[in-house]
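Visitor: I should like to understand how the terms used for a binding site are justified. Would you please take me through the reasoning?

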Amino acid sequence: MIGLISATAAGASARDRLATAWPDRTRVYDGPVREAVERAFAECDQLVCFLATGATVRLLAPLLADKSTDPGVVCVDEAGRYAVSLLGGHGGGANSLATEVGSTLSATPVITTATDATGIPGLDTLGLPFEGAVATVTRAMLDGAPVTLRADTVWPLPPLPPNVTAGVAGEVPTPPARPGGDDPTGPAADAAAEPSSRPADATAAPRRPLDGPTARAPQGVPTPSTPGAVGTGAAVLVSDRVVPLGPADVVLRPPSLVVGVGASRGAGVDEVYGLVMDVLRDAGLSALSVGELATVDAKADEPGIVGAAAELGVPVRTYPAGVLASVDVPNPSDAPLAAVGTPSVAEAAALAAAGRGGELLVPKRKSSPHGRPAMATCAVVRRAPRGRLAVVGLGPGARDLVTPRAVAELRRASVLVGLDQYVDQIRDLLRPGTRVIESGLGREEERARTAVAEARAGHAVALIGSGDAGVYAMASPALAEAADDIEVVGVPGVTAALAAAAILGAPLGHDHVSISLSDLHTPWEVIERRVRAAAEADIVVTFYNPRSRGRDWQLPKALALLAEHRTGTTPVGVVRNASRPDGTSHLTTLARIDPTTVDMMTVVTVGNTATREIAGRMVTPRGYRWQSEGAR
Ligand code: SAH
């Protein structure tokens, strides 16, 4: 029994919502709060206190006896925004309870137990629609109980916690063949509407290897699963098919299907949407896995298509007739050729949108309205597995200069590739189960190749770099290796020049350039030509890779080139380890700079002829007349 205790009106209202939702599991304890807590503590195996954590801790303290027997306690704050697992996270079931209370009251569960808090992904954070026994599977995931993963669709999943392991078969079970085809009230319709229902419809969709934590996937020849294997424990399935779900199964729906649609002018939403749903149902495919509708440009605004996409909650992608005409399709015809200039719309658009390797699951089918000519066509294509490569800049070093988007991508990745020292910088942000591939300095090309190869294998990969990963870093070697068979996402980071500029003042207020003085990969003549050009053009320059033990003459030479066009009093900012705990910076001049204060952890920013030191800060005027006059 779960005891419910509240003190305020807002608390009582949230308490009553929970009591109404769970009439058989809960008991309301009224009266003075201290006594209510004492009674509930003695009588219940779990408590939900609609009280501040501080108040709850004080009330509970004298009652605590033993971890193995004390009830699990969850606190819900006054605004009902958080459900905090306060006591008995695992043993008392408070972590699961916080999750359940959270989903019932639309509050965020707050779980601080070490293994849980480090980011075991809630099913709702995996970025895919899902159906099935969500509470049961979430509870099993949070409690560390064994959860089986079965995937028949390769999709770049985030890492799953170590208690989620590949099933023996590693596949989603195929239900028995369905006898009839077109009955919308038949078992297929049941399964689509009620996910935890009995085995339903399926096509003989080709099986694909397992994705996700393949590192833990058992090796060997997969044996076909049977529906009998379902329901023996909590399971996460990944499939775009309508599949039989057991009482402890959740199915994640990857957006792996593209539906091509054609429609005559004036076709109704009902006809187009109805056709799409009929076709999906008959093929045993889930509408939740439709990622987009595709059609010809001329139909971009066709209300029936736009309306059907809205019903499905997916975008419409369109192609010029010429592009569709060049797609090889099994069922070309004259009607669309005459109307919009391509012999195929539905099949061609779906194949075009799915890209290379798309598989035509359902060839063109026409709608079948009663008593009038069909006005819509539809075809379904499954995308080839497409891995994901996120190229993520970690910023200059400080944790709060790592962008939230970078953090999200790190947690989204099941494989992390990077230089060991950068991996150390963010290791604590990674989710349990992330496979880390780290290597030492100078292995750039190998890292780039590894990252691309992992993405091509269908994984969600993050390739990390310091600052911005595109600035003298990994993005270019990686993208030079990558073809269009993977998705690439770039996450910008705060590059060293910007981190240093913020420390120095406002040195980049006008045109500026970055130049790397490393002549390992670039001939010195090229570097020198660029420095001369910047000097002549009076552009502020930030030198990256300015000086190392083996490269000590390049910086003085570059500064001398700038000095040919700038006075000796031109401000120069030297920033070492910007944003890191041992960071230093100083402001000097072209005439005075001491190169021995500069190393590979440093950037050097040289002002233009208008840059001034003002109150100890380096300021480059924006160049507006009134500003530059004021600064002179
Ligand atoms: N991708 C990185 C740059 C890599 S090149 C970025 O966008 O910042 C490596 C050079 O960057 C170093 O030699 C140094 O010149 C500079 N650098 C990187 N981080 C720095 C920091 N925190 N402080 C000062 N310079 C830094």
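Guide: In this predicted model, 20 residues surround the ligand, and V471, T495, A578, M600 and T602 come nearest.

Visitor: What makes the approach of V471 to the ligand a polar contact?

Guide: A polar contact requires a pair of N or O atoms within 3.5 Å. A backbone N or O atom of V471 lies 2.7 Å from a nitrogen atom of the ligand, so the pair meets that definition. The corresponding distance is 2.8 Å for A578 and 3.1 Å for P396; both pairs therefore qualify as well.

Visitor: How much of the ligand does the protein cover?

Guide: On its own, the ligand has 550 Å² of accessible area, and the protein covers 92% of this.

Visitor: Why is the ligand said to sit in the largest pocket?

Guide: The ligand sits in the largest pocket because more than half of its atoms lie within 2 Å of the grid points of that pocket.

Visitor: Which kinds of residue form the shell around the ligand?

Guide: The shell divides into 12 nonpolar, six polar and two charged residues. Domain 3 (388-494) and domain 4 (497-619) each supply at least three residues of the shell.

Technical notes
Residues numbered from 1 in each chain as written. Predicted model: local features only at pLDDT ≥ 70, side-chain atom pairs only at ≥ 80, totals over all residues. Heavy atoms only, no water. Near = heavy atom within 4 Å. Polar contact = N/O pair within 3.5 Å; in protein donor to acceptor, adjacent residues only side chain to side chain. Areas by Shrake-Rupley, 256 points an atom, 1.4 Å probe, with all protein chains shown as cover. 1 Å grid on protein atoms, 1.4 Å probe; cavity = no way out; pocket = protein on both sides within 12 Å on 5 of 7 lines; lining within 4 Å. Nonpolar A, V, L, I, M, F, W, Y, C, P; charged D, E, K, R; others polar. Domains from an automatic or database assignment.
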